[in-house]
Amino acid sequence: MSDAPDGDDSGSSWRTQANRALARLVDASAAERILISLAALVLSVVIGAVIILVSGWVATCDSPFFALSGVGSFCYDPIAVYRVMLVGALWPPYNFAITLKETTLLLFTGLSVAVAFRAGMFNIGTQGQLVLGALGTAMAVLWVAPFVPASVVGGLLLIAVGLLAGALVGGVWGAIPGALKAYADANEVITTIMLNFVATGIAFTLVSEVFKDPNSQTVQTRSIPEFAQLQAVVFDSTVFSMFALVGALALVVGVYWMLNSTSFGYDLRTSGVQPEAAEYGGVDSKQMTVSSMTVSGALAGLGGAVYVLMVASRWQTGIPSLGFDGITVSILAGNNPLGVIPAGLLFGALKTGSLAIEFQLSVPKQLVGVLRGLIILFIAMPEFFRMVGSRFRFGDESPAVATDGGSERADETTDVIPGADDGGDEQ
């Protein structure tokens, strides 16, 4: 069991019980964690149904769905609300395309946050990295477009240029808080939050003062050529491309492989868990801090590039908060790259289903937001507390994974880095 203090040996104090609960949560198997998440989902639906009934009871409407003598009438049907939320995320096909669009974008930002988490960094600046990555993509495509033919080959070249530019700009912007953390001991939470505002201000100023579309009254760049945009496949949608989803899924697999099968991934994880012990094993923890934030920022920048190439076809103000949503997705996924897939799909379905409720039922959007937040909160909390418990060494301690590139050193380092696979479940 854990090395953490157990407090009162009698086991009667709340602290002892909390410690044991955390230890039990940390030691939970994958199947147990899935069951916990499902139970949390059911509980959130039940509590949400109660909130819907109470909200409908205090509201006034012309045609309540249910009335009880002596109690009053209820305006909102919780079964209908949840049915529309579920069905609306999948049908008609356009709604399903919107769900997949949200999922695709959240895969990038969720991965970005997960990589930083695995390196022991809390990257709140994903939104800023995404915004600047989107701007870099738009500008790069617009600059290169006159020099390539308006054909499939030209489109592929421009898409490649756009993705590269987005990753490069996002990576550079992500490296800044990494360097501040490594060499100035600046708190990355503070710096990444502040850099979000700086990124938004820089992008807005550059576009409004230098790169603004002269034919538009809003702050936006010119539209990229149509042949440079990711084309729709399967779904007849102007905002979703199956190519982007396939690419995002491939990237998920690539990041998982990098973290678990390469020496770089091993160094990244160990330097995040115990920098001193990692340095003892030969890892330059400062360099790894900068590298991890660079990779994290590049992934967020790719998300911005896909947003421009697939959704907006230009940079414009009002980019959705995909970076902040990526934090929730990463927590839902337990910072596991593979877990980002179902977490992103759940989050995307909830967003689309919530929109369907607003369109089809006379339920206030604030109430819809509460229901969506309840589901996310209840599912995320067990995983969040598991991360906290794992961070403070509750539960059994398991050795780190030794990679091919550093197996000998890894074996040595594992002896001094208990729980080096903190946050993962690949054991």
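These are my notebook entries on what I looked up in this structure.

**Entry 1: the whole chain**

I began by reminding myself that the model is predicted. I counted the elements next and found 15 helices and two strands in the protein chain. The chain has 427 residues, and 52% of them are buried. I also looked up the exposed area, which is about 19600 Å². Carbon and sulfur atoms supply 66% of that area. For contacts with a separation of 6 or more, I noted that 76% join residues 24 or more positions apart.

**Entry 2: a nonpolar patch on the surface**

Which residues make the nonpolar surface patch? I listed Val-42, Val-46, Val-50, Leu-53, Val-54, Trp-57, Val-58, Phe-65, Phe-66, Leu-68 and Val-71. Together they make a patch of about 960 Å².

Which element gives the most to the patch? I found that H2 does, with seven residues. Helix H2 spans 30-58, and strand E1, at 66-68, also supplies at least two residues.

I wanted one member to look at by itself, and I picked Val-46, which sits in helix H2. Val-46 has 45% relative accessibility, so I wrote it down as partly exposed.

I added a reminder for myself about helices. An α-helix has 3.6 residues a turn, so residues three or four places apart point the same way.

**Entry 3: aromatic rings**

How many aromatic pairs does a search of the whole structure find? I noted six. The rings of Phe-65 and Phe-66 have centres 6.1 Å apart and planes at 40 degrees, so I called this pair tilted. Both residues were already on my patch list. Phe-65 is partly exposed because its relative accessible area is 37%. Phe-66 is partly exposed as well, at 41% relative accessibility.

I then turned to Phe-96 and Phe-235. Their ring centres are 5.6 Å apart and their planes meet at 70 degrees, so this pair is edge-to-face. This pair links distant parts of the chain, with the two positions 139 residues apart. Phe-96 belongs to helix H4, while Phe-235 lies in the loop between helix H7 (188-211) and helix H8 (242-261).

Is Phe-235 buried or exposed? I put it down as buried, because its relative accessibility is 14% and the cut-off for buried is under 20%. Its partner Phe-96 is partly exposed, with a relative accessible area of 28%.

I closed this entry with a cluster: Phe-65, Phe-66 and Phe-74 form one aromatic cluster.

**Entry 4: two buried residues with distant contacts**

I went back to helix H4, residues 93-118, to look at Ser-112. Ser-112 counts as buried because its relative accessibility is 0%. What does the side chain of Ser-112 reach? I found the backbone oxygen of Ser-296, at 2.6 Å. Leaving aside neighbours within four places in sequence, I listed the contacts of Ser-112 as Asn-123, Thr-126, Gln-129, Ser-296, Gly-297, Leu-299 and Ala-300.

My second choice was Thr-352, in helix H13 (residues 340-360). Thr-352 has 4% relative accessibility, so it also counts as buried. With its neighbours within four places in sequence set aside, Thr-352 is in contact with Gly-88, Ala-89, Asn-95, Ile-98 and Thr-99.

**Entry 5: three helices and what they hide**

Gly-88 sent me to helix H3, residues 78-88, where it is listed among the buried residues. The others I noted there are Pro-78, Ala-80, Val-81, Tyr-82, Val-84 and Met-85. At the start of H3, a side-chain oxygen of Asp-77 comes to within 3.0 Å of the backbone nitrogen of Ile-79.

Next I checked helix H9, residues 263-273, which is mostly covered, with nine of its eleven residues buried. Among the buried ones I marked Tyr-266, Asp-267, Arg-269 and Val-273.

Why is helix H12 (residues 322-332) described as largely enclosed by the rest of the structure? I wrote that nine of its eleven residues are buried. Including Leu-322, Asp-325, Ile-327, Val-329 and Leu-332, the buried list of H12 also has Gly-323, Gly-326, Ser-330 and Ile-331. Just after H12, I spotted Gly-334, which takes a positive phi of about 65 degrees.

Key
Residues numbered from 1 in each chain as written. Predicted model: local features only at pLDDT ≥ 70, side-chain atom pairs only at ≥ 80, totals over all residues. Heavy atoms only, no water. Patch = residues over 30% accessible without salt bridge, like charges linked within 9 Å, V, L, I, M, F, W, Y side chains within 5 Å. Areas by Shrake-Rupley, 256 points an atom, 1.4 Å probe, with all protein chains shown as cover. Salt bridge = Lys/Arg side-chain N within 4 Å of Asp/Glu carboxyl O. Helix = DSSP H or I, 4+ residues; strand = E, 2+ residues; numbered from the N terminus. Buried < 20%, exposed > 50% of the residue type's maximum accessible area, 1.4 Å probe, protein only. Contact = heavy atoms within 4.5 Å. Polar contact = N/O pair within 3.5 Å; in protein donor to acceptor, adjacent residues only side chain to side chain. Phe/Tyr/Trp six-rings, centres within 6.5 Å; stacked < 30°, edge-to-face > 60°.
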